Amino acid sequence: MKCNLCGSRNYRKDPKQDRYGHLIELATCDCGLSWLHNYWTPETNREFYTSGRYRDLIGLYRGRVFDWVEHYKDQYLYATKLLNWLDPWEIHGATPCHIGADPEKVDPIADTFAMRWGVECDSVDHLEGHRLEGYSHIVLCRTVDHLLDITEAFQQIKQGLTSDGVFYFDILDQGPYSHNFDLKIDHQYYLNDLTAKMYIDRAGFTLVDSTDTIDDNHMGYLCRLS
Ligand SMILES: [Zn+2]
């Protein structure tokens, strides 16, 4: 296994426990990237999200039910703030049905809320294997930390953007070289501002703007093709 960001095989591995009690091995590279070592596969990824296990885990962790309705409220607030922030880049409105474009959602689970908004939801096991084409805007919300292969996903996104298109993604900013991560089994990657910008650069994007105002713990990046 190589570091997904810099390609090094020379990284440290430490046994850890995630916040739900799962035993994991955390790999940490000198470039600043940390990830769960040999943990998740496309099959376990699909099983995890389609079974709804992640909502049960979050519910247990927070001590209150985290069902579709709670999930929706949480996502709606995020989407509203994000779309307002993105407004200068010609994404208008507060929910996907008001974007006024031809949106499509790519998700490991068929999303009933996306369908209710009239947004086409393309159900895929993992974004990395999904071919994207001809999009003026690609918005990856609270997703990068969950990907199985960020480098591969960013190449797919690069291919899927029109030449003047914009790409937004966010990360849970864990701080440079911090070892006090909030480890979660469904978060394969632990990025910080430095490693996020390295990914942008290595993938062939140029950073246009960034924000930490969308919610309490995410850092967002808006990019164009270099
Ligand atoms: Zn590395």
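This section describes the confidence, the two sheets and the nonpolar core of a predicted protein model.

Across the protein chain of this predicted model, the mean pLDDT is 81, with 79% of the residues reaching 70 or more. Confidence varies between the secondary structure elements: helix H6, which spans residues 193-203, has the highest value, 96, whereas helix H4, formed by residues 112-116, has the lowest, with a mean of 56. Over residues 91-100 the pLDDT stays under 50, although the model does have 21 contacts beyond four places in sequence for this stretch. Where pLDDT is low, predicted coordinates should not be read in detail, and the contacts of residues 91-100, where pLDDT stays under 50, are accordingly not described individually here.

One open sheet consists of four strands in the order S1-S2-S3-S8, and its pairing is antiparallel. Strand S1 (11-17) and strand S8 (189-190) occupy the edges and have a single partner strand each, so that one side of each is left without a neighbour in the sheet. The partner of S1 is strand S2 (residues 23-29), and the two are joined in the antiparallel sense over seven bridges. Within this pair, Pro 15 is placed opposite Glu 25 in S2.

Another open sheet, also of four strands, follows the order S6-S7-S10-S9, and here the pairing is mixed. Its edges are formed by strand S6 (135-140) and strand S9 (205-211), each of which pairs on one side only. From one strand to the next, the twist averages 20°. Inside this order, S7 and strand S10 (residues 218-225) pair in the antiparallel sense, with seven bridges between them, and Ile 171 stands opposite Met 219 in S10. Helix H5, comprising residues 150-160, packs on this sheet and touches S6, S7 and S10, while the direction of the helix makes about 150° with that of S7.

In soluble globular proteins, nonpolar side chains tend to be buried together. In the present model the largest nonpolar core has 37 residues, and those with the most contacts inside this core are Val 144, Phe 167, Tyr 168 and Tyr 189. Strand S7 (residues 161-172) contributes the most to the core, giving six residues. For Tyr 168, when neighbours within four places in sequence are left aside, the residues in contact are Leu 86, Val 139, Leu 140, Gly 220, Tyr 221 and Leu 222.

Notes: Residues numbered from 1 in each chain as written. Predicted model: local features only at pLDDT ≥ 70, side-chain atom pairs only at ≥ 80, totals over all residues. pLDDT = per-residue confidence, 0-100. Contact = placed C-beta atoms within 7 Å. Core = buried A, V, L, I, M, F, W, Y, C linked by C-beta atoms within 7 Å. Buried ≥ 20, exposed ≤ 12 C-beta atoms within 10 Å, placed from the backbone. Pairing = 2+ DSSP bridges. Axes fitted to C-alpha atoms, helices over the stretch in contact; angles between N-to-C directions.
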